[in-house]
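Student: Could you take me through one part of this model in detail, and then set that part in its wider context?

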Amino acid sequence: MGNKREPTEGDDVKGGVWQYGYDPEKTLGETLKRLRVARGMSQEDIAQMMNMAGFTWRQTTVAKTEGGSRPVRVNEAAALALCFGVSVNDLLGTTAETPQQVKIESAYRATFSASISTRLRAGEAQRQAEAARREYEESIRDLREMERLHEEARRAFDEAFDLAGEEAHPDGEG
């Protein structure tokens with residue numbers, strides 16, 4: 001499925017997008033070079049072709065793109081695909097060749113997408129649960145403080161209206 005690259009610090013090796021080492025920039029660059037050479041074109045020819053398509057490319061841009069060291073914008077990939085008469089998938093080296101590969105690739109993409117979506121939902125649920133836990137703990141602290149203040153107010157009320165003595169003698173006799 002194209003080129004492999006070494007994982008970098010930002011990669012999630014256990015389940016990241018490029019966990020198998022697929023590097024779309026490098027693969028697109030290699031495909032571009034293969035298409036260019038097959039058509040007998042120079043890097044300067046590709047730069048001129050991209051300039052005619054509305055992009056500012058130089059020979060060095062083509063060289064960096066072919067080497068996989070320059071990120072390619074989506075509209076540039078689409079223009080390259082149009083100029084060479086191929087699909088963007090062809091440029092990325094991700095076209096399946098057999099019906100079985102199509103089915104497997106489709107299942108892989110669907111399950112990967114569902115996995116990412118589920119991971120995002122789980123992360124959001126965890127953030128909400130942590131926020132709810134903090135809210136609960138704060139509410140319990142507030143409740144305890146209100147109960148303490150209420151107890152102080154009740155004692156002051158009882159003293160002010162001499163209710164402590166009446167409670168001891170409900171009929172008012174002392």
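Tutor: What follows is a close look at one helix, with the rest of the chain as its setting. The model is a predicted one, and the protein in it has 7 helices and 0 strands, so that, with helices numbered from the N terminus, the part chosen here is α1, covering residues 24-38. This helix has 15 residues and spans 21 Å from its first C-alpha to its last, which is close to the 21 Å expected at 1.5 Å a residue. At its start, a side-chain oxygen of D23 comes to within 3.2 Å of the backbone nitrogen of E25, while at the other end α1 is followed by G40, a residue with a positive phi near 70 degrees. Along the helix, the buried residues are P24, T27, L28, G29, T31, L32, L35 and R36, and these pack against α2 (43-52), α3 (59-66), α4 (74-84) and α5 (88-92). Among the surroundings of α1, the loop between two of these partners, α2 and α3, holds G54, which counts as exposed because its relative accessibility is 61%, above the 50% cut-off. G54 also lies 9.1 Å from A79, C-alpha to C-alpha, although the two are 25 residues apart in sequence. For the protein overall, buried residues make up 22% of the 174 residues, and of the contacts between residues at least 6 apart in sequence, 48% join residues at least 24 apart. The protein exposes about 12600 Å², of which carbon and sulfur atoms supply 55%.

Conventions. Residues are numbered from 1 along each chain as its sequence is written. This is a predicted model: local features need pLDDT of at least 70, side-chain atom pairs count only at pLDDT 80 or more; totals for chains, interfaces and linings use all residues. Side-chain values use heavy atoms; hydrogens and water are left out. Helices (H or I, at least four residues) and strands (E, at least two) are DSSP runs, numbered from the N terminus. The expected span of a helix is 1.5 Å times one less than its number of residues. Buried means under 20% relative accessible area, exposed over 50%, partly exposed in between (1.4 Å probe, protein chains only). Contact means heavy atoms within 4.5 Å. A polar contact is a pair of N or O atoms within 3.5 Å; within protein, one must be able to donate a hydrogen and the other to accept it, and residues adjacent in sequence count only if both atoms are side-chain atoms. Accessible areas come from the Shrake-Rupley method with a 1.4 Å probe; for residues, only the protein chains shown count as cover.
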